[in-house]
Amino acid sequence: MAVERTLSIIKPDAVEQNNIGNILAMIQAAGLEVLGLRMLHLSRAQAEGFYEVHKDRPFFGELVEFMTRGPVVVSALAGEDAVARHRTLMGATDPAEADEGTIRKAYGTDIGKNACHGSDSVENGKAEVTYFFPEYLLK
Ligand code: CMP
């Protein structure tokens, strides 16, 4: 297995509910290294750019609206097999289907307000980390 980088976003619902620390604690307890961390309020252009792959989906407008309604915390994570390990830790996209012990089970509300985002492939991990942390460009 290789050392990978993956992006975590703690979404506005989780920030509003004071769960930043709880989610970061779960990430660190899982052994993922936090390489970089920023709190920011996404502009519409940043959210649309980040989720461009979903732009033709019926929920795109709702997704952008939600992701720009308040601050988020983005972090660049690293570790062996980090992409898959972080996705396992997050649980299913729909919190109703997420396993016990996962972030979305603990802090998600529904498929839209699901507390966190994580990169879904090694390639997207690199691209998404670079989107928010250009100083962490992979060599
Ligand atoms: P995320 O991992 O951030 O990637 C895309 C997001 O789109 C996903 O989490 C969900 O929060 C959101 N999403 C997926 N399906 C739906 C849906 N049917 N309705 C609203 N939001 C959705």
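**A ligand and its surroundings**

A polar side-chain atom of Lys11 lies 2.7 Å from an oxygen atom of the ligand. Keep in mind as you look around that this is a predicted model.

Lys11 has company. Asn114 also brings a polar side-chain atom to an oxygen atom of the ligand, here at 3.2 Å. With Ile111, look at the backbone instead: one of its N or O atoms lies 2.8 Å from a ligand oxygen atom. How much of the ligand does the protein bury? Taken alone, the ligand exposes 460 Å², and the protein buries 81% of that.

Now let us step back to the whole setting. The ligand sits in the largest pocket. Around the ligand you can find Lys11, Tyr51, His54, Phe59, Glu62, Leu63, Thr93, Arg104, Ile111, Gly112, Asn114 and His117. Sorted by class, this shell has 4 nonpolar, 5 polar and 3 charged residues.

Tyr51, one of the residues surrounding the ligand, leads us on to the aromatic rings. The structure holds 4 aromatic pairs. In one of them, Phe50 and Tyr51 meet edge-to-face, with 5.0 Å from centre to centre and 85 degrees between the planes. Are these two residues buried or exposed? Tyr51 has a relative accessibility of 6%, so it counts as buried. Phe50 counts as buried too, because its relative accessibility is 10% and the cut-off for buried is under 20%.

Phe50 also pairs with Phe132: their ring centres are 5.5 Å apart and their planes stand at 45 degrees, so this pair is tilted.

Notes:
Residues numbered from 1 in each chain as written. Predicted model: local features only at pLDDT ≥ 70, side-chain atom pairs only at ≥ 80, totals over all residues. Heavy atoms only, no water. Near = heavy atom within 4 Å. Polar contact = N/O pair within 3.5 Å; in protein donor to acceptor, adjacent residues only side chain to side chain. Areas by Shrake-Rupley, 256 points an atom, 1.4 Å probe, with all protein chains shown as cover. 1 Å grid on protein atoms, 1.4 Å probe; cavity = no way out; pocket = protein on both sides within 12 Å on 5 of 7 lines; lining within 4 Å. Sits in = over half its atoms within 2 Å of the grid points. Nonpolar A, V, L, I, M, F, W, Y, C, P; charged D, E, K, R; others polar. Phe/Tyr/Trp six-rings, centres within 6.5 Å; stacked < 30°, edge-to-face > 60°. Buried < 20%, exposed > 50% of the residue type's maximum accessible area, 1.4 Å probe, protein only.
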